[in-house]
Amino acid sequence: MDRVVKLIKNRSDIGGGTRGSDLGVDALEVAAINRGSDYFNQFTFEDVKTHNETIYDKNRNTFAKRIEFVLEQCTRVSYTIKRTLEANFLPVVLSGDHSSALGTISGIKAFYPHKTLGVIWIDAHADLHSPYTSPSGNIHGMPLAAALALDNLKCQINEVIPETQQHWEEMKHIGIEAAKIDPEHLIYFGVRDTEEAEDQQIAELGIKNFSVEEVRYKGLAICVEKALAQLANCDMIYISFDVDSLDCDLISNGTGTPVSKGFDQYEVIAMINQMIMSRKVICIEFCEINPLVDTKGNKMAETAFEVLEQITSTLVLPME
């Protein structure tokens, strides 16, 4: 049976520190129009209601900014993903900031609580902070810690108020009342900008990171093959693509936290396509496109759309 894609448009940017990623979906649509592509007319879609207006509210949770609203947003995304999977669609999630990935992962596990989920995280950042360790308090740096149900209190630098603690516990239990993934089933590609607390977690948990240098030295196909082999016992795979995994000097700085020495779009297309061919990919998410900080016009969205169009063609290939 052919796999039918549904686009989930989640324009939330309240988990990030820089405004503008809420416009990332629209920037992708503009990129499609300018390429003469009817991509966004080809698939059914759903818009997830956002809480972006809360950016004007006074923040009460210093070390997890707007956590009460990010919690609500991730819960909404979780419900949307669960319903999408129930309807037998393959969700392609187009998000603002990366905190939404917790909602996506939670929705997958809510629908498949007894199946094992593997996560491939293509990103410049590890996103392993908790409110106890975060130097910024921006929750787009925390989704994997919540998905793994980790506080990392050994590296605690923040005194977290009870309200934040309560919301953080609730975030860890969206979808199912347990950790969503195991550390051995999380694999990074391109992570290169981390803090000490994250480095300690990565080392302690044995999380594999295929660096840009390793991918280019050993060969992209070989690294993806190794990643898929590590996830061989997983029933399904979720791919999360943060555009800051791309080289900001080569492509664009049109993202909230640009980092140099990253991948180019052709490498990302090749690696995601190879992952899709495993036939285990159940959901893909794109995030952190920010046209407001793009000094090259709409270059980041144009590049991301190139990736989106190419990998979707592979996604919709008939199942064997």
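This is a short walk through one sheet, a helix beside it and one buried methionine.

Okay, before we start: this is a predicted model, where local features need pLDDT of at least 70, side-chain atom pairs count only at pLDDT 80 or more, and totals for chains, interfaces and linings use all residues. Residues are numbered from 1 along each chain as its sequence is written, and side-chain values use heavy atoms, with hydrogens and water left out.

Let's take the sheet. It's open, it has eight strands, and the order goes β2-β1-β3-β8-β7-β4-β5-β6, with parallel pairing. At the edges you'll find β2 (44-47) and β6 (208-210); each has a single partner strand, so one side of each has no neighbour in the sheet. From one strand to the next, the twist averages 20°. Strands here are DSSP runs of E, at least two residues, and helices are runs of H or I, at least four, numbered from the N terminus. Two strands pair if DSSP finds at least two bridges between them.

Now β7 (residues 236-242) and β8 (residues 281-287): they run parallel, joined by six bridges. Tyr238 sits opposite Cys283 in β8.

Over to the helix. α9 (residues 220-230) lies across β5 (186-189), β6 and β7, at about 165° to β5. Those angles run from 0 to 180 degrees between N-to-C directions, with axes as lines fitted to C-alpha atoms, for helices over the stretch in contact.

Last stop, Met275, in helix α10 (residues 265-276). Met275 is buried (under 20% relative accessible area, 1.4 Å probe, protein chains only), and its own value is 0%. Among its contacts (heavy atoms within 4.5 Å) are Phe189, Leu228, Ile239 and Val281.

Terms used: Buried < 20%, exposed > 50% of the residue type's maximum accessible area, 1.4 Å probe, protein only. Lists of a residue's contacts leave out its neighbours within four places in sequence.
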